[in-house]
Amino acid sequence: MQVQTRIFAAARRAGRSAEEITLIGVSKTHPAEAIREAYEAGLRHFGENRVQEWEGKQGGLQDLSATWHLIGHLQSNKAARAAKLFHAIDSVDDFALAQRLDRARRESGVTGKTRVLIEVHIAEEETKTGADAKELPSLAEKIAALPMLELAGLMCIPPFAENAEDARPHFRRLRELRDELAKQLGRPLPVLSMGMSHDFEVAIEEGATEVRVGTALFGTREAAIVGQ
């Protein structure tokens, strides 16, 4: 797989092991058949953007031993459905949403915690969602105290730029924020989810532990036909 070769090369440049990095295939707008093909090729983590789209696909994929991530913005009124459908919610951006996820997980009767990441509004773009960096300390402390959620780290989506190097300061900033939070909480926050098809190598050089790759794996996406 060409993407894996690029991950290995980027990790080597950073003096890291490629085994530290999880590849998440962004399967949004792609059919269940494409996900199954990627699974058979060795991919085990998949990212979906919309609850309703995943509800329409997941029935034909329940035999796969994969990890399903919600990587898109989650509306509070869909938190209960998301808590049942996904192993990981990688885009938590406020405490009210975290509380809904925690309650839904508890009421579902499913054992084990839902892994969550806090999405950080890293460049304060109006079109992007995420928690403000100034709010992170208090938000992280409150989410970490919820019994049915496992706060594992941070996620960001920097501004798109043709030159991947332009994203480096944002990736570096997310790593610094994670390190500060881990020190404050007194426990590890091992996950940094950052980097997509056009810039994941730079993200790996800056410490990414998860990269979200769609186009480079699945090709150009079709237009989405269902909403969240």
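Is Thr-29 buried or exposed? Thr-29 is buried, because its relative accessible area of 16% falls under the 20% cut-off. The model is a predicted one. This briefing covers strand S1 and its partners, the loop residue Thr-29, the largest cavity, and the pair Pro-159 and Thr-127.

**Strand S1 and its setting**

- Strand S1 spans residues 22-26.
- Four of its five residues are buried, so S1 is largely enclosed by the rest of the structure.
- S1 pairs with strand S8, residues 210-213, through four bridges. The two strands run parallel.
- Within that pairing, Leu-23 has Val-211 of S8 as its bridge partner.
- S1 also pairs with strand S2, residues 45-48. Three bridges join them, again in the parallel sense.
- Two positions of S1 can be matched to S2: Ile-24 stands opposite His-45, and Gly-25 stands opposite Phe-46.

**From S2 to S3**

- S2 is joined to strand S3, residues 67-70, by four bridges. This pairing is parallel.
- His-45 of S2 stands opposite Thr-67 in S3. His-45 also stands opposite Ile-24.
- Helix H3, residues 51-57, carries the chain from S2 to S3. This β-α-β crossover is right-handed.
- The unit made by S1, helix H2 (residues 32-40) and S2 is likewise β-α-β and right-handed.

**Thr-29, in the loop after S1**

- Thr-29 sits in the loop between S1 and H2. That loop belongs to the stretch of chain that links S1 and H2 in the β-α-β unit with S2.
- The phi angle of Thr-29 is near 70 degrees. This is a positive value in a residue other than glycine.
- Most residues other than glycine have a negative phi.
- Thr-29 is buried even though it lies in a loop.

**The largest cavity**

- Rolling a probe the size of a water molecule over the atoms shows where empty space is left.
- The count comes to one cavity of 30 Å³ or more.
- About 40 Å³ of space lies in the largest cavity.
- Its lining includes the run Glu-119, Val-120, His-121, Ile-122, Ala-123, Glu-124 and Glu-125. Lys-128, Thr-129 and Ile-157 complete the lining.
- By class, the lining has four nonpolar, two polar and four charged residues.

**Pro-159 and Thr-127**

- Which loop holds Pro-159? Pro-159 lies between strand S6 (149-156) and helix H7 (168-185).
- Thr-127 is found in another stretch, the loop between strand S5 (114-120) and helix H6 (136-144).
- Pro-159 and Thr-127 are 32 residues apart in sequence. Their C-alpha atoms are separated by 9.8 Å.
- Pro-159 is partly exposed, with a relative accessible area of 24%. This value lies between the cut-offs of 20% and 50%.
- Thr-127 is exposed, because its relative accessible area of 73% is over 50%.
- Leaving aside neighbours within four places in sequence, Pro-159 is in contact with Ala-123, Glu-125, Lys-128 and His-170.
- Among these contacts, Ala-123, Glu-125 and Lys-128 also line the largest cavity.

Key: Residues numbered from 1 in each chain as written. Predicted model: local features only at pLDDT ≥ 70, side-chain atom pairs only at ≥ 80, totals over all residues. Heavy atoms only, no water. Buried < 20%, exposed > 50% of the residue type's maximum accessible area, 1.4 Å probe, protein only. Pairing = 2+ DSSP bridges. Right-handed = clockwise from strand over helix to strand, strands pointing away. 1 Å grid on protein atoms, 1.4 Å probe; cavity = no way out; pocket = protein on both sides within 12 Å on 5 of 7 lines; lining within 4 Å. Points joined across faces, edges and corners; volume = space filled by probe spheres on them. Nonpolar A, V, L, I, M, F, W, Y, C, P; charged D, E, K, R; others polar. Contact = heavy atoms within 4.5 Å.
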